[in-house]
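Trainee: I would like to learn how to read pockets, cavities and burial in a model of this kind. Could we work through one together?

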Amino acid sequence: MSKSMYSLTNPQKSIWLTEQFYKGTSIENITGTVIVSQNVDFDALKKAINLFVKNNDSFRLKFTVKDSTVFQYVDLFNEFDIEIVSVQTDKDVKFLERSMCDKSFNTLDNFLFDFKLFKFENGFGGFVINAHHLIADAWTAGLVVNQVMGYYESLIKNEEISNEPNPSYIEYINSEKEDLESEKFKKDKTFWNEIFETVPEPATIPSIKQETKDLNCNAKRKLFTIPKETINLINEFCK
């Protein structure tokens, strides 16, 4: 059965171009870790992750090139196994996260995510997710945590789980296509073409292959602990 092919969205186009410029690197990887501070049912956690991928077609997007143009399509879901890594300390978990983050994806006709489970000696554990920016962003990371752990809680409590898929990424592709054909877009395009009649000097990311001690694009996560009282104030402000 032939698969429906879709053009890249505008956000994906910029990500794809960056990926081509730094091909073979992990510059577009988004990685996160979930630690469960209680005994983990790893079979249930594997099933929860599979349910997440099954019900979110953005995680089943694959990319292919035809006649020098890149397209994307949604592949069918097939249940997959997930490796369990034994760890001793939080430092081991950080090492696992870093090793996954540093590994580049083959972006053509492959799934662009990777999960690994980890298990402490006391039975606690969790999972690490690594996903390419073409299919995920920082907001996605929060959704992964909430949905996977929601499925997990339902599974260990033997509660019924809805197999209804989440909103499809194809809906977003179609909505952007409609927007690009609208009168508003045509007006916006005219405005910006006039603004950029003189093209400014482009911003650049330092080349990984030309790093110096003063200029490189390696990144590390910096963590800050926010007091609970401050978080409550932020949440109240957002409401």
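Trainee: Which helices each supply at least two residues of the lining of the second largest pocket?

Mentor: Bear in mind from the outset that this is a predicted model. To read a pocket, one asks which elements contribute to its lining; here helix 1 (10-21), helix 4 and helix 5 (169-180) each give at least two residues to the second largest pocket. Helix 4 contributes the most, with four residues. The space in this pocket amounts to about 480 Å³, and among its 21 lining residues Ser 58, Ile 135, Asp 137, Thr 140 and Tyr 169 lie nearest the centre.

Trainee: How many cavities of 30 Å³ or more does the structure hold, and which residues line the largest cavity?

Mentor: A cavity differs from a pocket because a probe that fits inside a cavity cannot get out, whereas a pocket is open. The structure holds one cavity of 30 Å³ or more, and the largest cavity encloses about 60 Å³. Its lining consists of Ile 30, Thr 31, Gly 32, Phe 59, Ile 129, Ala 131, Ala 136, Asp 137, Thr 140, Ala 141 and Val 144. Strand 2 (29-36), strand 7 (125-132) and helix 4 (138-156) are the elements that give two or more residues to that lining. Asp 137 and Thr 140 thus appear in the cavity lining and also among the residues nearest the centre of the second largest pocket.

Trainee: Turning to a single residue, is Val 93 buried or exposed, and what does Val 93 touch?

Mentor: One compares the relative accessible area with a cut-off, and buried means under 20%. Val 93, which is found in helix 3 (residues 90-101), is buried because its relative accessible area is 3%. Leaving aside residues up to four places away in sequence, Val 93 touches Thr 33, Val 87, Phe 118 and Phe 120. Tyr 6 offers another reference point, since 87 residues along the chain separate it from Val 93 and their C-alpha atoms are 37 Å apart.

Trainee: What is the pattern of elements along the sequence, and how many of the chain's residues, as a percentage, count as buried?

Mentor: For the whole chain, one sets the order of elements beside the totals. The chain has seven helices and seven strands, in the order β-α-β-α-β-β-β-α-β-β-α-α-α-α. Of its 239 residues, 33% count as buried. Among contacts with a separation of 6 or more, 75% come from residues 24 or more positions apart. The exposed area is about 16,400 Å², of which carbon and sulfur atoms supply 53%.

Key: Residues numbered from 1 in each chain as written. Predicted model: local features only at pLDDT ≥ 70, side-chain atom pairs only at ≥ 80, totals over all residues. Heavy atoms only, no water. Buried < 20%, exposed > 50% of the residue type's maximum accessible area, 1.4 Å probe, protein only. Contact = heavy atoms within 4.5 Å. Areas by Shrake-Rupley, 256 points an atom, 1.4 Å probe, with all protein chains shown as cover. 1 Å grid on protein atoms, 1.4 Å probe; cavity = no way out; pocket = protein on both sides within 12 Å on 5 of 7 lines; lining within 4 Å. Points joined across faces, edges and corners; volume = space filled by probe spheres on them.
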